[in-house]
Amino acid sequence: MKLINIYTTLFISLILLNFSCQKETLDNSEKNFSQQPSETLGSSATNSSLILNSSNLNNKIQSLSKLKADDPVSWLREYLNASGDPGAIVPTVCGPTQFNNVVNNYLGQFGPYEAAYYGTYAAINQIYTVYDQSKQYFGSNGGNTHLVVKHQRNLEKFWNMANLVTINGEHNSTLNDRDKIASVYILIGYPADVAYAQADFIISFNLSSPVFIETPLLSFDAFSTTGKLIVLGDGIIQALGETGIDNDVVIAGVLSHEWGHQVQFINSLNWYGFEFGTVPPTPEFTRLTELEADFFSSYYLTHKKGATYNWKRVEEFFTLFFNIGDCQFASASHHGTPDQRFAAARLGYNVAQDTFPKGKVLSPDELNATFMAFYNNILAGNIP
């Protein structure tokens with residue numbers, strides 16, 4: 001019951017984050033953070049209390065963020081009863097995975113204040129990361145940077161998309177940096193004195209919390225935007241790694257999945273009949289695009305001209321895709337069950353191995369046609 005209450009609190013504060021971005025182009029003035037001096041400002045009770053209402057930040061995401069595919073934070077809603085929503089998918093066999101256990105462990109460490117403030121913290125980190133134009137690094141100490149750069153170069157060549165996609169890293173440390181926190185409040189319209197007061201309040205709470213800012217759930221992001229941006233959060237990479245999967249496989253799998261969404265954005269009108277984001281997402285459409293991104297990812301990971309993983313690595317990334325399945329059949333962010341994600345990944349492997357001549361890379365249109373031909377088999381988990 002305690003976890004149910006935590007999930008409910010998180011859902012209230014996070015619901016506006018899910019597919020909340022409507023504006024796909026931004027004025028130059030919106031793309032740059034306002035730079036303010038880091039002088040000490042007193043945090044009045046009125047200013048500090050603003051953090052208690054994350055709806056101010058979450059509402060701003062609707063106008064500032066760009067449309068994105070994937071919303072890992074919404075995965076935390078699994079325990080909520082979402083039955084009866086329009087367009088809900090008929091439930092199939094589905095159950096928790098090791099990934100659930102990892103996340104449950106971190107959620108169980110939240111107290112009432114962490115649960116109440118989580119939505120605000122997640123919003124601040126997401127906004128800052130989307131608009132961050134500084135030199136990027138990946139991993140809390142930059143330890144994953146070489147892997148991300150390696151796979152970015154490989155993916156650019158594999159999909160013939162050189163210099164088209166930017167990758168930004170999301171870090172917990174942002175939420176302990178006074179200037180970075182304040183820049184987000186300034187970006188969404190708060191005056192500098194209020195912005196820095198809010199930053200002071202957040203940092204003071206960090207000092208008193210046994211959980212913030214250490215929990216990986218504060219950088220629990222991996223998503224792809226129509227603005228040709230991919231965000232990789234340190235937290236979700238860490239959490240997936242704690243399921244026992246090799247770090248290289250986690251990064252390659254998540255990044256290539258998000259890259260698959262970039263391929264979908266380019267071909268959306270031809271494949272789906274409308275530009276991505278112009279039609280409100282339904283559970284079925286989201287499931288289709290997410291499973292196809294899994295298919296694209298595994299095709300790249302096992303292709304002779306892609307990541308060229310051997311069978312041992314193949315088994316690991318199959319496990320990765322299985323672990324990140326969900327049972328939220330009525331959610332507009334439903335990604336497919338563990339069995340369905342496993343099947344989509346297996347199909348990608350099969351196609352990569354069976355394509356002749358060996359080394360030929362199928363076009364996006366050919367891959368989309370293949371995926372759609374086997375889609376019902378994927379839904380049934382019937383990919384031999």
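**Surface, core and sheet of a predicted model**

User: How much accessible surface does the chain have, and what percentage of it belongs to carbon and sulfur atoms?
Analyst: This is a predicted model. The chain's accessible surface comes to about 15,600 Å². The share belonging to carbon and sulfur atoms is 54%.

User: What percentage of the residues is buried?
Analyst: Buried here means under 20% relative accessible area. The chain has 384 residues to count over, and the buried ones make up 58%.

User: Which helix gives the largest share of the largest nonpolar core?
Analyst: That core has 100 residues, and Tyr121, Trp159, Phe212, Leu232, Trp259 and Phe317 touch the most other members. Its largest share is 11 residues, and they come from residues 247-272, helix H11.

User: Leaving out residues up to four places away in sequence, what does phenylalanine 317 touch?
Analyst: Phe317 is among the core residues that touch the most other members. With those sequence neighbours set aside, its list reads Val249, Ser298, Leu301, Thr302, Tyr309 and Ala345.

User: Which strands stand at the edges of the sheet?
Analyst: The sheet is open, with 4 strands in the order E1-E3-E4-E2 and mixed pairing. Two of its strands have a single partner each, so one side of each is left without a neighbour in the sheet. Those are 68-69 and 166-170, that is, E1 and E2.

User: Which residue in E3 does lysine 68 stand opposite?
Analyst: E1 and E3 (residues 222-225) run antiparallel, joined by 2 bridges. Across from lysine 68, the E3 residue is threonine 225.

User: At what angle does helix H10 run to E4?
Analyst: H10 covers residues 234-241 and lies across E2, E3 and E4 (229-233). Relative to E4, H10 runs at about 55 degrees.

Key:
Residues numbered from 1 in each chain as written. Predicted model: local features only at pLDDT ≥ 70, side-chain atom pairs only at ≥ 80, totals over all residues. Heavy atoms only, no water. Buried < 20%, exposed > 50% of the residue type's maximum accessible area, 1.4 Å probe, protein only. Areas by Shrake-Rupley, 256 points an atom, 1.4 Å probe, with all protein chains shown as cover. Core = buried A, V, L, I, M, F, W, Y, C linked by side-chain atoms within 4.5 Å. Contact = heavy atoms within 4.5 Å. Pairing = 2+ DSSP bridges. Axes fitted to C-alpha atoms, helices over the stretch in contact; angles between N-to-C directions.
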